[in-house]
Amino acid sequence: MAEHRRVFASLRQLILVRFREFYREPEAIFWVIVFPILMAGGLGVAFRNRPPEIVAIGLRIDLPNSAGLPQALTRAQKMAVALVDSAQGENLLRTGAIALLVIPDNSGDLRLRYDPTRTDALIARALANDRLQRMFGREDPVRVVDDLIDETGSRYIDFLIPGLIGMNLLSSGVWGIGYAIVDARRRKLLKRLVATPMSRAEYLGSFLLARLAFLVLEVGVVLVFGMLVFDVPLNGSLLSLAAVSVLAALTFGGIGLLAASRAQTVEGASGLMNVIMLPMWIFSGVFFATSRFPEAMQPVIQALPLTAANDALRGVILNGLPLVAVGGELLILTGWLVVTYGVALRIFRWK
């Protein structure tokens, strides 16, 4: 019983130290709270849903067989038509002022001049071709009816917010824990702590337990900001979201412990932590879907802990999935947690 009380008192004091280290560092508060909000706000505005842009095209009217074309094209929606001669048209096309140039050929054909590597040029080509074909009497064999939707859950910002939460959990877990341990080792604090009755497991465990208290800030602030500003939905239960967040935070904390287990300098630890995090920022679906990468890379990408965390967070937040439905992702996170914490406990260096 006395030993249990000692362990509890030791953990309580160590966790309080973690809290004091956090709120005494303005930089930590900025990166955990302010930076994710700024990123979510900036990307949410930049990639917000908005009507399609008007594409600009040019029409050569200095040729004899261009009669009737200006009236047909200028009535088309989503296109702005500039009536040009040869020199004007080539100049506007070269400088990007127009995406496509319509040239009535002497043979009676219509030549569409554009750069196929430009997305707006391909859109302009489709719109201009459709309008021109209708002008010359094309009849569609089947009537197509547009059924337009505009609902939350399918926008880029809805995809982004869970990814930012996962990235925030990873960054604060690896940096918040790894940097603190290496800095304490550099200042010889660990050497003094090893002389106390505190065990290695208690010291390392205090970092992981302290991570749980920061979840309200790391997850709640970003999610509430997305819900209030961009109307991001929360279709799953708060309990499921909390369970996924807790497991992800502990997992990333274990990675931070492992990264800092033997590093002697802040510079060395920073390099190691960047090597760990940067591939996951790129490959784990923070800003775009993991399906964009080749099929041969998918087994490795799906095994990354941040990929599992992002997929589980999106499953709960956007799709309302229960924990059972994201069991595979939770199993991957658990595996990383057990391995990283177990190895860190074995190889941790106090001096």
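Val229 is placed in helix H8, which covers residues 200–230, and the model in which this helix is seen is a predicted one. At a relative accessibility of 48%, Val229 counts as partly exposed, because the buried class ends under 20% and the exposed class begins over 50%. The C-alpha atom of Val229 is separated by 9.9 Å from that of Ala40, although the two residues are 189 residues apart along the chain.

The chain as a whole gives the setting for this pair. It holds 13 helices and four strands, and buried residues make up 41% of its 351 residues. Among the contacts with a separation of 6 or more, 76% are accounted for by residues 24 or more positions apart. The chain exposes about 18,900 Å², of which carbon and sulfur atoms supply 62%.

Helix H9, residues 238–259, includes Val246, and Ser240 lies in helix H9 as well. Val246 is partly exposed, with a relative accessible area of 31%, whereas Ser240, at 8% relative accessibility, counts as buried. With Leu209 and Leu212, Val246 makes a nonpolar surface patch of about 200 Å². Why can Val246 be counted in a patch? Patches are made of residues with over 30% relative accessible area, and Val246, a nonpolar residue, has 31%, so its value passes that cut-off. Ser240, for its part, is in contact with Val316, Pro322 and Leu323 once its neighbours within four places in sequence are left aside.

The three residues for which accessibility has been described are set out below.

| Residue | Helix | Relative accessibility | Class |
|---|---|---|---|
| Val229 | H8 | 48% | partly exposed |
| Ser240 | H9 | 8% | buried |
| Val246 | H9 | 31% | partly exposed |

Strand E1, residues 55–60, has five of its six residues buried, so this strand is largely enclosed by the rest of the structure. Which strands pair with E1, and in what sense? Strand E2, residues 79–84, pairs with E1 in the parallel sense over six bridges, and strand E3, residues 100–104, also pairs with E1 in the parallel sense, over three bridges. In the pairing with E2, Arg60 stands opposite Val84, while in the pairing with E3, Ile57 stands opposite Leu100.

Conventions:
Residues are numbered from 1 along each chain as its sequence is written. This is a predicted model: local features need pLDDT of at least 70, side-chain atom pairs count only at pLDDT 80 or more; totals for chains, interfaces and linings use all residues. Side-chain values use heavy atoms; hydrogens and water are left out. Patches are made of residues with over 30% relative accessible area and no salt bridge: like charges are joined within 9 Å, nonpolar side chains (Val, Leu, Ile, Met, Phe, Trp, Tyr) within 5 Å. Accessible areas come from the Shrake-Rupley method with a 1.4 Å probe; for residues, only the protein chains shown count as cover. A salt bridge is a side-chain nitrogen of Lys or Arg within 4 Å of a carboxyl oxygen of Asp or Glu. Helices (H or I, at least four residues) and strands (E, at least two) are DSSP runs, numbered from the N terminus. Buried means under 20% relative accessible area, exposed over 50%, partly exposed in between (1.4 Å probe, protein chains only). Contact means heavy atoms within 4.5 Å. Two strands pair if DSSP finds at least two bridges between them.
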